[in-house]
Amino acid sequence: MEKIFESEYRFLCILWENEPIASPQLVKLCNEELGWKKSTTYTVIKKLSDKRIVKNENTIVSSLVDKTEVDRQESEELLQRTSHGHLPTFLAAFLKDRKLSKEEADRIRKIIDDAQEEYIDGNS
């Protein structure tokens, strides 16, 4: 998947919440939520169509990728850029001055445990 820029991601968030959606309605939402003109919205639709991230058929716009996939790619890019792919370094920096509630810490432990189980199961 090609790089998605911040403005494109904000557009996609609107699309994901409302798809499939008629392009005139999407123009209206982008104007209300992003302050975009009609031409800006249509330009982004065209760019994302060219990247095969959205499709626009008979003025109905829908995504070709889901939010989870895009978020995973963005997260991996951030990890590579900030910590050279080293997850413990990234987490240490991210959590350095942050206070976690018991619930947040428990949730993070569960995510790690689940990922470790998947790794172990996948390498058996």
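In this predicted model, H86 lies in the loop that joins α4 to α5. With a relative accessibility of 42%, H86 is classed as partly exposed, because that value falls between the limits of 20% for buried and 50% for exposed residues. H86 and L64 are 22 residues apart along the chain, and a distance of 30 Å separates their C-alpha atoms.

The helices on either side of this loop also contribute to a pocket. The largest pocket encloses about 680 Å³ of space. It is lined by 19 residues, of which L87, F90, L91, I108 and I111 are the closest to its centre. Three elements give two or more residues to this lining, namely α4 (67–83), α5 (87–95) and α6 (102–122). By class, 12 of the lining residues of the largest pocket are nonpolar, one is polar and six are charged.

Helix α2 was examined in terms of its length, its two sides and its surroundings. The end C-alpha atoms of α2 are 15 Å apart, in agreement with the 16 Å that its 12 residues should span at 1.5 Å a residue. The buried residues of α2 are S23, L26, V27, L29, C30 and L34. These residues lie on the same side of α2, because the arc they cover around the axis is only 165°. An α-helix has 3.6 residues a turn, so residues three or four places apart point the same way. The other side of α2 carries the exposed residues P24 and E32. The cover over the buried residues of α2 includes two helices, α1 (6–18) and α3 (38–50), together with the strands β1 (21–22) and β3 (60–63).

One of the buried residues, S23, belongs to helix α2, which runs over residues 23–34. The relative accessible area of S23 is 3%, so this residue counts as buried, the cut-off being under 20%. Apart from neighbours within four places in sequence, the residues in contact with S23 are Y42, T59 and V61. Of the elements that cover the buried side of α2, α3 spans residues 38–50 and β3 spans residues 60–63. At the other end of the helix, G35 comes just after α2 and adopts a positive phi of about 75°.

Note on methods. Residues numbered from 1 in each chain as written. Predicted model: local features only at pLDDT ≥ 70, side-chain atom pairs only at ≥ 80, totals over all residues. Heavy atoms only, no water. Helix = DSSP H or I, 4+ residues; strand = E, 2+ residues; numbered from the N terminus. Buried < 20%, exposed > 50% of the residue type's maximum accessible area, 1.4 Å probe, protein only. Contact = heavy atoms within 4.5 Å. 1 Å grid on protein atoms, 1.4 Å probe; cavity = no way out; pocket = protein on both sides within 12 Å on 5 of 7 lines; lining within 4 Å. Points joined across faces, edges and corners; volume = space filled by probe spheres on them. Nonpolar A, V, L, I, M, F, W, Y, C, P; charged D, E, K, R; others polar. Expected span 1.5 Å × (residues − 1). Arc of directions from axis to C-beta.
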